[in-house]
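Thank you for sharing this entry; below is a short note for someone meeting the structure for the first time. The points are meant to be read with the display open.

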Amino acid sequence: MVQLTPVLYKAYHGGHLTIRLALGGFTKWPFHHIVASPNKCPMDGHFMEQLGSYDPLSSSYGKKLISLNLDQIWHCIGCGAHLSKPVEKLLGLSGYFPQHLTVVTNAERL
């Protein structure tokens, strides 16, 4: 995997970088990659770096699988990347960030 330096992140003038979910998989078997991509690119389009993956379907043990490269996520955020709401929720549930407000609100409603 190519390591992008802060110079490359800041040299991008077409908007800002966003850490978001890129849809993969196939019909009835979704799979998401967590990627850093320019905000003007389509959801499944060009991305600069893959930062993790998320499998929303439950495994045989009833758990959803997520893998995160926390060092690279921290590096991208330090270079000015923004988080999308679904990624912010996932990072909150993993304990890496404070939980997103909608997760707390939905838990209070139940």
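The numbered points below go through the sheet, its pairings and the helices beside it.

1. The model is a predicted one, and a useful place to begin is its open sheet, in which 5 strands are arranged in the order 4-3-2-1-5 with mixed pairing. Strand 4 and strand 5 (82-83) take the edge positions with a single partner strand each, so one side of each has no neighbour in the sheet.

2. Strand 3, which spans residues 49-55, is mostly covered, since 5 of its 7 residues are buried. Strand 2 (residues 29-38) pairs with strand 3 in the antiparallel sense over 5 bridges, and within this part of the sheet Glu 49 of strand 3 is the bridge partner of Ala 36.

3. Strand 3 also runs antiparallel to strand 4 (residues 65-68), to which 4 bridges join it; here Tyr 54 has Ile 66 of strand 4 as its bridge partner.

4. How many bridges pair strand 1 with strand 5? There are 2, and the pairing of strand 1 (residues 17-26) with strand 5 is in the parallel sense, with His 82 of strand 5 standing opposite Thr 18.

5. Helix 2 (residues 70-78) packs on the sheet and touches strand 1, strand 2, strand 3, strand 4 and strand 5, while its direction makes about 125° with that of strand 3. Helix 3 (residues 85-93) lies across strand 1, strand 2, strand 3, strand 4 and strand 5, and runs at about 90° to strand 1.

Technical notes. Residues are numbered from 1 along each chain as its sequence is written. This is a predicted model: local features need pLDDT of at least 70, side-chain atom pairs count only at pLDDT 80 or more; totals for chains, interfaces and linings use all residues. Side-chain values use heavy atoms; hydrogens and water are left out. Buried means under 20% relative accessible area, exposed over 50%, partly exposed in between (1.4 Å probe, protein chains only). Two strands pair if DSSP finds at least two bridges between them. Contact means heavy atoms within 4.5 Å. Axes are lines fitted to C-alpha atoms, for helices over the stretch in contact, and angles run from 0 to 180 degrees between N-to-C directions.
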